[in-house]
Structures are given as structure tokens and as C-alpha cells.
Amino acid sequence: MVVMAIRTFGPNAVDWEQRIDLDRLRRERLDRLHEALNRSELGALLSFDFANIRYMSSTHIGTWAMDKLIRFALLVRGGEPIVWDFGSAARHHQLFNPWLDHGDGKEGGKGGGKEGGTGGGQGGGPPTGARAGISTLRGAFHPDAAIGADVAAKVAAELREHGLAGEPLGVDIAEMPVLHALKEQGIDVVDGQQVFLEARRVKTPDEISLLTQACSMVDAAYEELYGYLRPGVRENECVGLVSKVLYDLGSEYVEGVNAISGERCSPHPHVFSDRLIRPGDPAFFDILHSHLGYRTCYYRTFAVGSASPAQRDAYVRCRAYMDEAIALVRPGATTADIVEVWPRAQEFGFPDETAAFALQYGHGVGLSIWEKPIFSRLVSLDHPEVLEAGMVFALETYWPAADGWSAARIEEEIVVTADGCEVITKFPAEELLVAGRKYWTVGGALDTRRESQSHLNTREGRGER
């Protein structure tokens, strides 16, 4: 396989430049899923998870439906994806998703096969891979409506047709009525999530380009945020600003903006508030959004107006742990190698690794933000995973300051290359940035490296005797 250079493009298609090849993206994702399925002991995969459905079928109906468990998709060994989708969404797929036209004549005549078809088969029938169907709406349907049984019957019919009724069926996530109904059909239901995640673990060149493009959009959001930060703005206003920048740039979905400032920085609460940012505050942010399905997880820390010695020291240490980890990333290294350079939980105020989980952390990034591989002292030392070229993951470090309330948080997204790695999160983070207005005193520019209180005007405050 030819490895595409890591680069970004404009969002438009052009005739004068080879950009992201979406047909190739669809084909290679499905090929990798088939390969993972063939390596397993499963006869088929059944998905209710949006990211897995998209990876399998290249369909999407909007982020409003992500938490409703209303659609499902099936892939059998040697077969093509079948998507049962929500109402008119199925009809839309029939019209505009020709790669789902299997052309086997079951629900409309011959189509164009895996990469062809006109969306409708001979005689105007629908493609066999796009069908109307619905699951249990997280229990909102009346149990007597037997929606779960209908889902199971549809799946069982396909397994019987392909001679796989006696083979294990891998399921990623499902509601209890559906699982019960599948077992009533005599289906051996097992965990299928590992097969999906194994297929998604190493990214294709087009996936890497989309992930890099997603990061470039966050670069732009941080540029706007850096110019906006000042005393008096609220955390939720920062969230709104970032969201607008991303949606204006064409983001598909702003999954979240973690905005944390001042004394909220330690311990890290993982949720933004309406707190007013004050002079001398630390403020860190995590920006999570989706570009054509591909996510970001991208922290940056700022000081607002000025930074105290405690804040500077915390940032230096946080950055050192990041740099030590990045220096180890290459094919053949393991997640254990990375986490060994990170501090133990007890070194930064937590009783164990569960209590400190996700502060010194790493995770794969793709169609969801937490994929394989996982980097954590909680699991990686005992269960290391080997790094491979083409993996894309985020590494996150954190350090609480000695003042007891401020902290630093940094995150970089990394692509493993043939001989090392490349960082694709480009907004500056080598040193602590000070945002906000530049203040002037009678003696010149106010030193941004300062304590937040005015006791420095006394000899004792300056440490003089």
C-alpha cells in the first residue's frame, strides 16, 4: 500500500489536485473490517454503535441520533453491509449510497455491486443493503410492540440465508430486549466490539488526512480563543466562541469543549461552568469535534494576564512528561514504554491509578475519541499494546501546581510513521502562553511572570532583608 503523506487540504473537491479519496476510504474501511472478521471466530457482526455503523457502511444520519440506539447494521462473512435505518433515512441511502446496492436481486434487480450501482437496481427496487428498520428507542416503544423481536428476526433471517445461523454473532452494544430476542432465535451472541476496534486500530491514509484536517480546524479555534481570553469572560462564552469557529469552518459535530479556569483546575472537574475568568488565572481547554466523522481531542493551557511561578513550574513539568513520551513513539514501542515515563498516581496526589485515571493518559483517535490503543498505568504495564505505523492517538499529561489550586494540561495528537512519529496538533504548546491584554506600568510593560497579589511592593514580599 502506498502511504499518503500527512497533509491537509481545502474542503472542496478540485480537478487539479489529488485530495482525499472518499471511494477509497469506504472501500479500505470495509476491507479492514472483513479482514478482522475473518481472523475472528465470528460468523457475523451486528452493530448499534454509530461509529461502527459508519465504518462498516459509510452511512450517517446526523448527530442527533447518536444516543438513541435506533439503527443497526449487519456484516456477514464474505458479504456486504446491510443497514436498517430510521424511516426516510433508508430511502435516502437507496437514492444516494450506491455502494450499498448489492445487486443480488432480493429487493430490486441488479445493481453495480460493491462500488457501482445507480442507487436503485433494475425495476426501481431499493438496494439490498439499505432497508427500513428500527430498534427499541432505548425502551420508549411499548414492550408489547415486540420491536426487539423484530430486530432479532431480521438478523436471524440473514444469518440463515448465509448459512451462519450456528456461528457466533458479535455485537458491539445493544439493549437487553434485543439481546434476549437474539437468544430466543437461537443465536450465540458474543462480544463483537473487539473486532470492530481491531479493524479501526490502524488508520488508512485517507483517515489520517481527515484526522489531520480536523486538527487544523482546532488550530484555528485556538487562535480565536487566544485572542478572546481576558478577565471578565466566562468559561461558557469560550465554549460558544470555539463552537462557532468550528461550525463556521464546516465541523460536522462539536462533541464538547472542556473549559476549565482558576481554582477549578485542580482537581480537574472535566466539565465547563459559567465561572468568570480572573487576572492571573490558569485556563485549560479540550476541544473535541468531528470532521467527516473523524474526531479531535486537543488540550491547551493558557495563563490569563500573567502566570505565577507555581503555574510556570506546573506547566514545565507537564510539558516534560509529554516530550519524554513523544520521544519514545515509534513502531515496535509499546504502550508500557510510554506510561513508564509518566508519574505514578501517588506522585501527584491520588491514592491509586483508578482515582487518577485519564490525567496521564493516551487513547486512539478516529471515528470516536477513545479507540485502541489505550495508554494508562492502570492497564498498560500489565497489558502492553505494540505501536504500529498508521496508528493515530492522543497523549495527555497533567500536573497540579504547588499553590494547591492551579494546574497545567497538555494534549498532542500523534501519527506513528515508519521511523517515528509526527505531531498533528500544531497550536503552540512548548511553553506556557499568556493571553489577554498587555498591561503597562510607569516603569514599562508589566511582567507577565508574577504572583497575582501586590505584596511584591514590600521588601518582605520581594524576599529582601
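This is a short tour of a predicted model, one selection at a time.

**Stop 1: the two domains**

Start by colouring residues 22–99 and 128–200 in one shade, which gives you domain 1, and residues 205–439 in another, which gives you domain 2. If you mark the C-alpha centre of each domain, you'll find the two centres 33 Å apart.

**Stop 2: where the domains touch**

Now zoom in on the boundary. Here 14 residues of domain 1 are in contact with 14 residues of domain 2. How big is the area buried between domain 1 and domain 2? It comes to about 1300 Å², and carbon and sulfur atoms account for 53% of that. To see who does a good share of the work on the domain 1 side, select L25, R54 and R200: this trio supplies 34% of the area that domain 1 buries against domain 2, more than any other three residues.

Keep R200 on screen and add E371. Their side chains meet in a salt bridge, with N to O at 2.4 Å. Between domain 1 and domain 2 the count is three salt bridges, and there are six residue pairs in polar contact.

Next, show the cartoon for domain 1. Which elements give two or more residues to the side that touches domain 2? They are α1 (22–39), α2 (50–57) and α6 (193–200). Of these, α1 gives the most, with five residues. Colour this side of domain 1 by residue type and you get six nonpolar, three polar and five charged residues.

**Stop 3: a histidine inside**

Select H289, which sits in strand β8 (residues 282–291). Is H289 buried or exposed? H289 counts as buried because its relative accessibility is 0%, and the cut-off for buried is under 20%.

Show the surroundings of H289. Leaving out residues up to four places away in sequence, H289 touches a whole set of residues, including M217, V218, L246, Y253, E255 and R295. Two more on that list, A214 and S251, deserve a click of their own. The side chain of H289 reaches the backbone oxygen of A214 at 3.0 Å, and a polar contact of 2.8 Å joins it to the side chain of S251.

For a sense of scale, draw a line from H289 to L22, C-alpha to C-alpha: they're 267 residues apart in sequence and 20 Å apart in space.

**Stop 4: two cis peptide bonds**

Go to P267, in the loop between β7 (253–261) and β8. The peptide bond leading from S266 into P267 is cis, with omega near 5°.

Then jump to P373. This proline is in a strand, β12 (residues 371–375). The bond from K372 to P373 is also cis, with omega near 0°.

**Stop 5: two positive phi angles**

Last, pick out a pair of backbone oddities. R138 lies in the loop between β4 (130–132) and α4 (147–161). R138 isn't a glycine, yet its phi is positive, about 55°. Switch on the surface and look at R138 again: it counts as exposed because its relative accessibility is 57%, and exposed means over 50%.

A358 is in the loop between α10 (335–339) and β11 (361–364). A358 has a positive phi too, about 80°, although it is not a glycine. Where R138 is exposed, A358 counts as buried, because its relative accessibility is 8%.

Definitions and conventions. Residues numbered from 1 in each chain as written. Predicted model: local features only at pLDDT ≥ 70, side-chain atom pairs only at ≥ 80, totals over all residues. Heavy atoms only, no water. Domains from an automatic or database assignment. Contact = heavy atoms within 4.5 Å. Buried area = accessible area lost by both parts, 1.4 Å probe. Salt bridge = Lys/Arg side-chain N within 4 Å of Asp/Glu carboxyl O. Polar contact = N/O pair within 3.5 Å; in protein donor to acceptor, adjacent residues only side chain to side chain. Helix = DSSP H or I, 4+ residues; strand = E, 2+ residues; numbered from the N terminus. Nonpolar A, V, L, I, M, F, W, Y, C, P; charged D, E, K, R; others polar. Buried < 20%, exposed > 50% of the residue type's maximum accessible area, 1.4 Å probe, protein only.
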